[in-house]
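Trainee: I am new to this structure. Could you pick one part and take me through it closely, along with what surrounds it?

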Amino acid sequence: MSTRRIAYTGLFIALAVALGFALVAIPNFEMISATVFIAGWLLGPGMGALVGFIAELVFSGINPAGSGFLFPPLLIAQVISVSLIGFVGGVARRGQVFFLASAGGAVSLGLLGGLLTIIFDFLTTISYPLVAGFNETQIWATLGIGALFYSMHVISNAAIFAVIVPAILKAVHSQLGITGVIR
């Protein structure tokens, strides 16, 4: 692995954690997912997943609002979900699924961001009732109540993925001249 690739990996981890803490006071608005997705896009699926894993482990583990280490099932759900976001970023880039300059590409990225957020919110919401032994009715009630809370998270991430992510990726590709995965 090149020094450049290691440096970019560290920078993305630090940026994701820093943005997480910078925006921690704003409910349902975060930039960790977008940062990790961009890392996957630029570094490939494996490194994107690694960035997501480490960034979420650090952010959740030392979060002043409550450490993820206090409830390991939630921490595991968070780390798996954010790792998936980085992996999907790399797969999306590899397959050149999205054309950054097109409106269709922005809409596709927005839908993908919304879907990844739904997966994150579902896994993190269900982590407690499954471990606590809730019955089916209680699990559905928890998911229903959680849906009210995380609907804004899904909407904000869809908007971030539709507007901010393509703008950043276009800028990176044009300003840095990066045409492929960073090696």
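Mentor: Start with a definition. A crossing of two helices is right-handed if the near helix is turned clockwise from the far one by less than a right angle, and left-handed if it is turned anticlockwise. Keep in mind, too, that this is a predicted model.

The part to look at is helix α2. This helix covers residues 32-43. Begin with its length. At 1.5 Å a residue, its 12 residues should span 16 Å. The C-alpha atoms at its two ends are 16 Å apart, so expectation and model agree.

Now go to the approach. Asparagine 28 sits in the loop that joins α1 (3-22) to α2. Its phi is positive, near 65°, and asparagine 28 is not a glycine. Is asparagine 28 buried or exposed? Its relative accessibility is 17%, and the cut-off for buried is under 20%, so asparagine 28 counts as buried.

The other end of the helix also has a positive phi next to it. Glycine 44 follows α2, and its phi is near 100°.

How many of the residues of α2 are buried? The count is 12 of the 12, so the helix is largely enclosed by the rest of the structure. The buried residues include Ile32, Val36, Phe37, Ile38, Leu42 and Leu43. Ser33 and Thr35 are on the list as well. So are Ala34, Ala39, Gly40 and Trp41. As background, an α-helix has 3.6 residues a turn, so residues three or four places apart point the same way.

What packs against this helix? Take α6 as one partner. The axes of α2 and α6 are 10 Å apart, and the two helices pack at an angle of about 40°. An angle of that size makes α2 oblique to α6. The crossing of α2 past α6 is right-handed, in the sense defined above.

Now take α3. Here the axes are 7 Å apart and the packing angle with α2 is about 155°. Angles over 145 degrees count as roughly antiparallel, and therefore α2 and α3 are roughly antiparallel to each other. The crossing of α2 past α3 is right-handed too.

Stay with α3 for a moment. Glycine 61 belongs to this helix. With a relative accessible area of 9%, glycine 61 is buried. Its C-alpha atom is 7.9 Å from that of leucine 75, which lies 14 residues away along the chain.

Back to the side chains of α2. The whole structure contains five aromatic pairs. One of them joins phenylalanine 37 to phenylalanine 161. Their ring centres are 5.1 Å apart, with 65° between the planes, and the pair is edge-to-face. Why does this pair matter for the picture of how the chain is tied together? Phenylalanine 37 lies in α2 and phenylalanine 161 lies in helix α6 (residues 136-176), so the pair links parts that are 124 residues apart in sequence.

Both rings are out of reach of the probe, or close to it. Phenylalanine 37 has a relative accessible area of 0% and is buried. Phenylalanine 161 stands at 1% and also counts as buried. A third residue joins this group: Phe37, Trp41 and Phe161 make up one aromatic cluster.

For contrast, look at a pair elsewhere. Phenylalanine 71 and tyrosine 128 form a tilted pair, 5.6 Å from centre to centre with 45° between the planes. Phenylalanine 71 lies in the loop between α3 (45-61) and α4 (72-94), and tyrosine 128 lies in helix α5, so this pair ties together parts that are 57 residues apart in sequence. Phenylalanine 71 is partly exposed, at 25% relative accessible area. Tyrosine 128 is partly exposed as well, at 44%.

Helix α5 itself bends by about 30° at isoleucine 126, and proline 129 follows within four residues.

To sum up α2: 12 of its 12 residues are buried. This helix lies oblique to α6 and roughly antiparallel to α3. Phenylalanine 37 ties it to α6 through an aromatic pair.

Definitions and conventions:
Residues are numbered from 1 along each chain as its sequence is written. This is a predicted model: local features need pLDDT of at least 70, side-chain atom pairs count only at pLDDT 80 or more; totals for chains, interfaces and linings use all residues. Side-chain values use heavy atoms; hydrogens and water are left out. The bend at a residue is the angle between axes fitted to the seven residues ending there and the seven starting there. Rings of Phe, Tyr and Trp (its six-membered ring) pair if their centres lie within 6.5 Å; planes under 30 degrees apart count as stacked, over 60 as edge-to-face and the rest as tilted. Buried means under 20% relative accessible area, exposed over 50%, partly exposed in between (1.4 Å probe, protein chains only). Axes are lines fitted to C-alpha atoms, for helices over the stretch in contact, and angles run from 0 to 180 degrees between N-to-C directions. Angles under 35 degrees count as roughly parallel, over 145 as roughly antiparallel, 65 to 115 as roughly perpendicular and the rest as oblique. The expected span of a helix is 1.5 Å times one less than its number of residues.
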